[in-house]
Amino acid sequence: MKYKSTILLLMIVFVLFFITVYTVSIEASSLWNDESANIYQAKQRSFEVGDIVTVIIEETSAASHSANTSLSQESRIDGGAGTGLLDFLRSLGLSYSDQDRADGQTQRSGQLSADITVQLVESFDNGNFKISGTKSVKLNDEEHIISLSGIIRADDIDEDNYISSHKIADAMIEFEGQGVVSAKQRPNIFQRLLNWIF
């Protein structure tokens, strides 16, 4: 009987020992740890002066201005009949009125869609970069030139190295054409003189 009690006690001790060891091993073999906590976060990309990024330009602008002027005036002069030596004068009345009205409206809109690859030309202490670049496309003796400069945040550059023009601070975007078509769109000297006069 004493032998059985000893065996039973040993079995209980063994079971408790097994449970303790098994529990500890589960904690030690967990798949989660602090080092693997960042695997689902995008790694911070680093940029330096000389790197290039591509800017997607999607710009629209619209402006309208209207004005109207309304002006009216009315004058009236009345005089009574003459008396004494001036009794030959009859009573008289004179009235005058005029009205002027002018309406005007101007509207202007523009849209530019393009892409341009620019270079990081200067870095700032806060991690921002100044970008600058020029793109020239010549087709059928018509040359189009896009120039862009501004300041960007490195965090706004996506994983494919693109950035939207909407995220550029102090953006300077210029688009100009040189060629036959562009020359036709410019007013000649006579038209500019008329515009200056009127």
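# Working through a predicted strand-rich model

Asn128 makes contacts with Glu122, Ser123, Ile151, Ile152 and Arg153, leaving aside residues up to four places away in sequence. Keep that residue in mind, as the exercises return to it. The model is a predicted one.

**Exercise 1. Get an overview of the chain: how many helices and strands are there, and in which order do they run?**

*Step 1.* Start with the count: the protein chain has three helices and six strands.

*Step 2.* Now read from the N terminus on, and the order is α-β-β-β-β-β-β-α-α.

*Step 3.* Look at burial and surface. Of the 198 residues of the protein chain, 15% count as buried. The accessible surface comes to about 16,900 Å², and 55% of this surface belongs to carbon and sulfur atoms.

*Step 4.* Check how far apart in sequence the contacting residues lie. Among contacts in the protein chain with a separation of 6 or more, 62% are between residues 24 or more positions apart.

**Exercise 2. Find out which element has the lowest mean pLDDT and which has the highest.**

*Step 1.* Take the whole chain as a reference: its mean pLDDT is 79, and 73% of its residues reach 70 or more.

*Step 2.* Then go through the elements. Helix H2 (residues 180-185) has the lowest mean pLDDT, 61, and strand S5 has the highest, 95.

**Exercise 3. Place Asn128 in the fold and decide: is Asn128 buried or exposed?**

*Step 1.* Locate the residue. Asn128 belongs to strand S3, which covers residues 128-139.

*Step 2.* Apply the cut-off for burial, which is under 20% relative accessible area. Asn128 has 17% relative accessibility, so this residue counts as buried.

*Step 3.* Look at a neighbour from the other side. Ile152 touches Asn128, and its further contacts include Val53, Leu120, Phe129 and Ile163.

**Exercise 4. Trace the pairing of S4: in which sense does S4 pair with S3 and with S6?**

*Step 1.* Begin with S3. This strand and S4 (residues 142-153) pair in the antiparallel sense over twelve bridges.

*Step 2.* Pick out residues that face each other across the pair: Lys130 stands opposite Ile151 in S4, and Ser136 stands opposite Ile145 in S4.

*Step 3.* Move on to S6. S4 and S6 also pair in the antiparallel sense, over eight bridges. Here Ile151 has Ala169 of S6 as its bridge partner.

**Exercise 5. Which non-glycine residues can you find with a positive phi, and where do they sit?**

*Step 1.* Recall the background: most residues other than glycine have a negative phi.

*Step 2.* Inspect the hairpin of S3 and S4, which has two residues between the strands; Asn140 takes a positive phi near 55° there. Asp141, in the loop between S3 and S4, has a positive phi of about 60°.

*Step 3.* Go on to strand S6, where Asp170 is found. Its phi is positive too, near 50°.

*Step 4.* Add accessibility, with exposed meaning over 50%. Asp141 has a relative accessible area of 62%, so it is exposed. Asp170 counts as exposed as well, because its relative accessibility is 61%.

**Exercise 6. Describe the surroundings of Ser165: what does its side chain meet in a polar contact?**

*Step 1.* Find the residue in the loop between S5 (162-164) and S6 (169-178).

*Step 2.* Judge its burial. Ser165 has 3% relative accessibility and therefore counts as buried.

*Step 3.* List the contacts. Setting aside residues up to four places away in sequence, Ser165 touches Val55, Ile56, Ile57, Glu58, Glu59 and Ile173.

*Step 4.* Single out the polar partner: the side chains of Ser165 and Glu59 are joined by a polar contact of 2.8 Å.

**Exercise 7. Which residues of the largest nonpolar core touch the most other members, and which strand supplies the largest share?**

*Step 1.* Take the 18 residues of this core. Val55, Ile131, Leu148 and Ile152 touch the most other members.

*Step 2.* Assign the core to strands: S1 (52-79), S2 (92-123), S3 and S4 each supply at least two residues.

*Step 3.* Name the main contributor. S2 supplies the largest share, five residues.

Definitions and conventions
Residues numbered from 1 in each chain as written. Predicted model: local features only at pLDDT ≥ 70, side-chain atom pairs only at ≥ 80, totals over all residues. Heavy atoms only, no water. Helix = DSSP H or I, 4+ residues; strand = E, 2+ residues; numbered from the N terminus. Buried < 20%, exposed > 50% of the residue type's maximum accessible area, 1.4 Å probe, protein only. Contact = heavy atoms within 4.5 Å. Pairing = 2+ DSSP bridges. Polar contact = N/O pair within 3.5 Å; in protein donor to acceptor, adjacent residues only side chain to side chain. Core = buried A, V, L, I, M, F, W, Y, C linked by side-chain atoms within 4.5 Å. Areas by Shrake-Rupley, 256 points an atom, 1.4 Å probe, with all protein chains shown as cover. pLDDT = per-residue confidence, 0-100.
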